[in-house]
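Work through the following exercises with the sequence and the model open, and try each task before reading its solution.

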Amino acid sequence: MNRVITLTTDFGLSDGFVGMMKGVILGINPHATIVDITHDIAPQNIAQGAFLFANAVKYFPANAIHVVVVDPGVGSARRPIAIQIGETIFVAPDNGVLTLAIRDWKLEIQSPISNLQSQVRAVHLNRPEYWLPRVSNTFHGRDLFAPVAAHLSLGVPLEALGEPIGDWVRLSQCAASWRAGNEIVGRVAHIDRFGNVITDVGEEMLAGMDRARIVVMIRGKTIRSVKAAYSTVAAGEPLALVGSSGHLEIAVREGSAARLLGIQFGDEVVVSA
Amino acid sequence: MNRVITLTTDFGLSDGFVGMMKGVILGINPHATIVDITHDIAPQNIAQGAFLFANAVKYFPANAIHVVVVDPGVGSARRPIAIQIGETIFVAPDNGVLTLAIRDWKLEIQSPISNLQSQVRAVHLNRPEYWLPRVSNTFHGRDLFAPVAAHLSLGVPLEALGEPIGDWVRLSQCAASWRAGNEIVGRVAHIDRFGNVITDVGEEMLAGMDRARIVVMIRGKTIRSVKAAYSTVAAGEPLALVGSSGHLEIAVREGSAARLLGIQFGDEVVVSA
Amino acid sequence: MNRVITLTTDFGLSDGFVGMMKGVILGINPHATIVDITHDIAPQNIAQGAFLFANAVKYFPANAIHVVVVDPGVGSARRPIAIQIGETIFVAPDNGVLTLAIRDWKLEIQSPISNLQSQVRAVHLNRPEYWLPRVSNTFHGRDLFAPVAAHLSLGVPLEALGEPIGDWVRLSQCAASWRAGNEIVGRVAHIDRFGNVITDVGEEMLAGMDRARIVVMIRGKTIRSVKAAYSTVAAGEPLALVGSSGHLEIAVREGSAARLLGIQFGDEVVVSA
């Protein structure tokens, strides 16, 4: 069956780890279409993985299977899980890395007649007959998650792969929040290749604000107003805008905001109007 | 339809941008075969993108669709365009990034009986019904170019996607030229992973020269004669040769010419014989 | 025919070289499924290429075709070869880069009734009709190995592509060995993205040892006992373990062993019990 399986990991592309996962998948389902989302999550950074994955997942077909392996607890007691919402299936260690993707999914489909909640099914992946014969202590991406995703892509039902569970781990601090009613407090969730600083402040939080009067504070710097595009400021100037992922970003036109403003992953950002 | 769609961008592979483009394409055409040419064009370097894309494109099937997104003007008035030559279709921002690929195409097919010119069709992509429902100001690769390429791969005719145009932007300074009739003046168009320095001096310009007597000057250094292979010099020695892309290259056997000779992108190179 | 073709090279992903290889393959077999193992082999490091390829290849379908291009001798007299074992076919320069993969294959299938040896066939790829019309001196990956693999994936028999040969180059020093009967002497074969140090000491060599009493010496440091998992030591502590590739590894929990212990590719490691 030609079905999309996406891979998001912190494995990098240099060591052959991702290639092995693809070999395992194609050995089980030769017709799977495998797509890399990213393999450059900072090693073991669950929060960054959750953020980048949630941004990308909404652009894939509804029947895709998504494998997310940022897995500092591999070899410990953390559970491997799979969660199905509608036709979409997520396969990951149970460490919160799916938190934002599932939250976004629910926000998206919050119509009153939705019976989404009843459609969310989750299992603890505990049926070794769907794994590689030999499972290492350090590489469940290859030995467990890849074969599970491949079997799912062939139509094996979720419940065949493990015991139903009602709960799974959520990241507690993974999105911006309101402070004292008029300030948004968020964090730097990602710095992209261009040095753009992407925060976890979603566009919907800015809905009631006058963008021309918004003040963004980060690392002791103040940036005034939220612009519509890079081209509204001169080259080398910083600006705030809503980026392509739907989050507040700090950028420098034709430059690296992260470098020029000294901003790092996890830095606090405060937004007021 | 199983048709090749290539991607060439300056997005890198770390941020998930390329994965999103693939998700969009596969959502429209699940049978597309997507191939990465490179995503490591230096950010917003149109000249480098034009050079690397033109080198690669000739190795793809004639019915491939090529998406090239190096797009410093995204969100401004620059047009998104598509150009069709024979069965091949190029999709890109109208900023010159296709200049070399289209020039090479014409050089290749310059037989007198060719009616190539009449076969070149171009459109301004201005039909939003073929884009994502919501188009960001900063990521047309995902929101516009990817869906357009996917629809083209399904057989939607070029003219359905936009208004025909007769002109498009060409890079003015994108190839070496003759000075005073006997000197070629070019530039460093790319430095590859091995530190080889690839110039924009095409092999055809050296046609009338005695390769043993050619003198290459770059960054104050002089390299004599154009060799046939690395193995003609000792390890650590610089040499000039015609590389696999059909351009004059400066290399150091078992070393990095760029580092050892202090050469950078854009440096001038002068060739005489 | 939908058949897997893997690519392992030292070309990197930045220059478009790998994209060109894929274009060539898909031009010959539009239904090939191409998978990257890695393109980040250190430039011209045959030993590292042999090691990473051998680790990955066993996870692919038995009828896959594997192209391995780490090729310092390109343009010289070194032969291009293809080796078939059962349904699996390897395509590479004849410089030893296949040594470990073929050795592992034999170890795997050493049942007394195996007639494996009679199944190993090798050819010198010397039939230019299966190459690109024009073959460069510097890029046989694109001009020779890619088209050969594509033709093989269409079912062209091995012997059509070249003259049978009985010998091929093996790396002499590519695996750990016993010294004085009770010490294993090996080398650092790879350092992965996490800074884990992977040695060429295979798990099978540790079979007769009491893991709790094993002593590993490397760069003047001594690490005692071979653990089962990272979680057996405190964060920041070094440990030895058998990694996911089945080799002895030196790691630091939540840290980079290579950096913290100053270990480099090729360093000697001595194991005793």
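**Exercise 1.** Find the residue of S15(B) that is the bridge partner of Gly202(B), and establish in which sense S10(B) and S15(B) pair.

*Solution.* In this predicted model, where local features need pLDDT of at least 70, side-chain atom pairs count only at pLDDT 80 or more, and totals for chains, interfaces and linings use all residues, side-chain values use heavy atoms, with hydrogens and water left out. Residues are numbered from 1 along each chain as its sequence is written, while chains are lettered from A and ligands numbered from 1 in the order in which they are written. Begin at Gly202(B), whose bridge partner in S15(B) is His247(B). Strand S15 (residues 247-252) of chain B and S10(B) pair in the antiparallel sense, over three bridges; strands (E, at least two residues) are DSSP runs numbered from the N terminus, as are helices (H or I, at least four), and pairing requires that DSSP finds at least two bridges between two strands. Next take S9(B), residues 183-191, which pairs with S10(B), again in the antiparallel sense over three bridges; here Val197(B) is the bridge partner of Ile191(B). Finally, S9(B) and S10(B) form a hairpin with five residues between them, and Gly195(B) in the turn has a positive phi of about 85°.

**Exercise 2.** Why is S10(B) described as largely enclosed by the rest of the structure?

*Solution.* Strand S10 (residues 197-202) of chain B is so described because six of its six residues are buried, that is, under 20% relative accessible area, with exposed meaning over 50% and partly exposed in between (1.4 Å probe, protein chains only). Then separate the two directions: Val197(B), Thr199(B) and Val201(B) point one way, Ile198(B), Asp200(B) and Gly202(B) point the other way, and all are buried.

**Exercise 3.** Describe the contact between chain C and chain A.

*Solution.* Chain C contributes 27 residues and chain A 30 residues to the contact (heavy atoms within 4.5 Å). The area buried between them, meaning the accessible area (1.4 Å probe) lost on being put together and summed over both, is about 2200 Å², of which carbon and sulfur atoms give 58%. On the chain C side, Tyr59(C), Arg193(C) and Ser244(C) lose the most area to chain A, together 31% of what that side buries. One salt bridge is counted between the chains, a term for a side-chain nitrogen of Lys or Arg within 4 Å of a carboxyl oxygen of Asp or Glu, and Glu203(C) and Arg134(A) form it through their side chains (2.7 Å, N to O).

Methods: Buried area = accessible area lost by both parts, 1.4 Å probe.
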